[in-house]
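Here are a few short exercises on how a ligand is held by its protein. Have your viewer ready and try each task before reading its solution.

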Amino acid sequence: MTEEIDFANARHPFLDGRPKRMLIGGRWEAAASGKTFETRNPATGGLLALVPEGEAEDVDRAVAAARAAFEGPWRRMKPDERQALMHKLADLIDAHYDELAWLDTLDMGSPIRHTRGSRRHLVGLMRYFAGQATAIYGQTADTSLNGNMFAATLKEPVGVVGSIIPWNGPLWATVFKVAPVLATGCTLVLKPAEDAPLTPLRFAELALAAGVPPGVINVVTGFGRGAGAALAAHPGVDKISFTGSVGTGQEIVRASAGNLKRLSLELGGKSPHIVFDDADIARAAPAAAIGVFANAGQICSAGTRVFVQRGVYDEVVETMAKVGAGLRVGAGTDPASDIGPLVSPRQLERVLGYVGSARDEGARLVSGGERLGGPAHAAGHFMAPTVFADVRDPMRIAREEIFGPVASVMPFDDLDEVVRRANDSPFGLGAGVWTRDVGRAHSIAKRLQAGSVWVNCYNQMDPSMPFGGVKMSGYGRESGAQQLDEYLNVKGLWIQHD
Ligand code: NAI
Ligand code: MG
């Protein structure tokens, strides 16, 4: 399959010119309305495929299929059988990895070097959860009641899960949502983002090929206000796992009220990245730059508020600007590109709006700050990596999630001050710290309000570790040893045996 990918012309075997279909109950279907929407390549503006515009009626069918599968043979499948199936799927993800990475690159713009780079993590995540499928335990309790009581907890799958995912890492998000569903014996209706629906559809083909029974994984493509909202409000859905913006997260909370669904929300961030003056600046400054610019800033845990201790402030600002200016911004299909386009004209406009607000509020533009024109860039939504220095805490670029390659750099003097300022945010997703002082590293790691703290590194992830946020970055964790509990109900079992 890899041989058939025509790198130079951005052609891909999955893009055969025919309208795509979505997966409901093991069958590939058009939307009930017959409507489709376009998905485009953000590097060129070129049309990639027409995709079904699923709406409430399609969500109804998918939820019914997921319910039937949950109550069918899938429910009686043994943990080791689900495990074997997941390893088969991991094998297929591995075998088709380049092809999946290319679809991500074409549909949402990430450089192929970036999308290819996640193979070990994503194949590993599927295998990690495959292992957990046979490691689901309840507990027994020694109660204080009279008589002989056997008291125990059972863990049972929550049922039908709706997962709504964003466009900034479609393959990544799909694997993160599918793996715990299969490990726990739940079933799934997946709603991909309208800007990048292709990889989840191809992934679903691989899941069928791996032997995942019909109805266990369903994919309904469409818009947020149509398919997304219908899924979030559906009375037949037991849990929603959502990754995306805070505003949509809040709508999903409201929509869940009808049947009090369980929720996991992985929302945005405005993560602090703190550089102390005793740090290895030669490593810290480039890491602070890449912490913002990777994936053109379209990463929820991007370290967008860079706090630098006064003594090394000028040096770090200068290095970050130099690193930014040295990154090759270009089509994701070019193996030499470091940074691709923003996903859509809407996102580009949004990010440029923040650049304007920073200028108006008096931040100092050190590098970048504009859309890239010229022959290599004119057709896409490319933006120069941008560094603003002398940013102040109340400015919009220091408070709001930008989701573009824009760093807000700010000086600080001491530890207590930087902890207070770092925590003065509605968000709490990630936090980075660079220091050679072990005591300081431990103490600041405890004081930072964040789901993950990275010391002398940034944005590290591994299947064995949890990822998620506090405050308005959401609740629930993905990945890691505890995650399956979010897909399991606990039942208390009492047996009096006198
Ligand atoms: P979004 O949060 O609206 O979209 C994410 C997903 O939610 C998509 O699948 C979308 O179709 C769906 N959705 C939208 N409205 C919905 C509704 N009412 N009910 C159910 N599902 C719905 O994000 P969008 O509009 O693509 O991006 C806007 C901003 O959101 C970005 O600039 C960024 O700041 C933030 N964002 C954050 C992400 C993260 O990982 N933290 C990912 C994507 C966006
Ligand atoms: Mg697209």
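**Exercise 1.** Find which residues surround ligand 1 and sort them by character.

*Solution.* Start with the shell in this predicted model: a residue belongs to it if one of its heavy atoms lies within 4 Å of the ligand. That gives 27 residues around ligand 1, and the closest are Trp-167, Lys-191, Glu-194, Ser-245 and Arg-346. Next, sort the shell by type: 12 residues are nonpolar, 9 polar and 6 charged.

**Exercise 2.** Work out where ligand 1 lies relative to domain 1 and domain 2.

*Solution.* First look at the secondary structure: helices H9 (224–233), H10 (246–255) and H13 (345–361), together with strand S10 (239–243), each supply at least two shell residues. Then turn to the domains. Domain 1 (22–267 + 474–492) and domain 2 (272–463) both contribute to the shell, so ligand 1 lies between them. Finally, check the pockets: the space that ligand 1 takes is the largest one.

**Exercise 3.** List polar contacts of ligand 1, then say how much of its accessible area the protein covers.

*Solution.* Use a cut-off of 3.5 Å between N or O atoms. The side chain of Lys-191 places an N or O atom 2.7 Å from an oxygen of ligand 1. For Gln-347, a side-chain N or O atom is 2.9 Å from a ligand oxygen. Leu-267 uses a backbone N or O atom, 3.1 Å from a nitrogen of ligand 1. Now for the cover: alone, ligand 1 has 810 Å² of accessible area, and the protein covers 91% of that.

Key
Residues numbered from 1 in each chain as written. Chains lettered and ligands numbered in written order. Predicted model: local features only at pLDDT ≥ 70, side-chain atom pairs only at ≥ 80, totals over all residues. Heavy atoms only, no water. Polar contact = N/O pair within 3.5 Å; in protein donor to acceptor, adjacent residues only side chain to side chain. Areas by Shrake-Rupley, 256 points an atom, 1.4 Å probe, with all protein chains shown as cover. 1 Å grid on protein atoms, 1.4 Å probe; cavity = no way out; pocket = protein on both sides within 12 Å on 5 of 7 lines; lining within 4 Å. Sits in = over half its atoms within 2 Å of the grid points. Helix = DSSP H or I, 4+ residues; strand = E, 2+ residues; numbered from the N terminus. Nonpolar A, V, L, I, M, F, W, Y, C, P; charged D, E, K, R; others polar. Domains from an automatic or database assignment.
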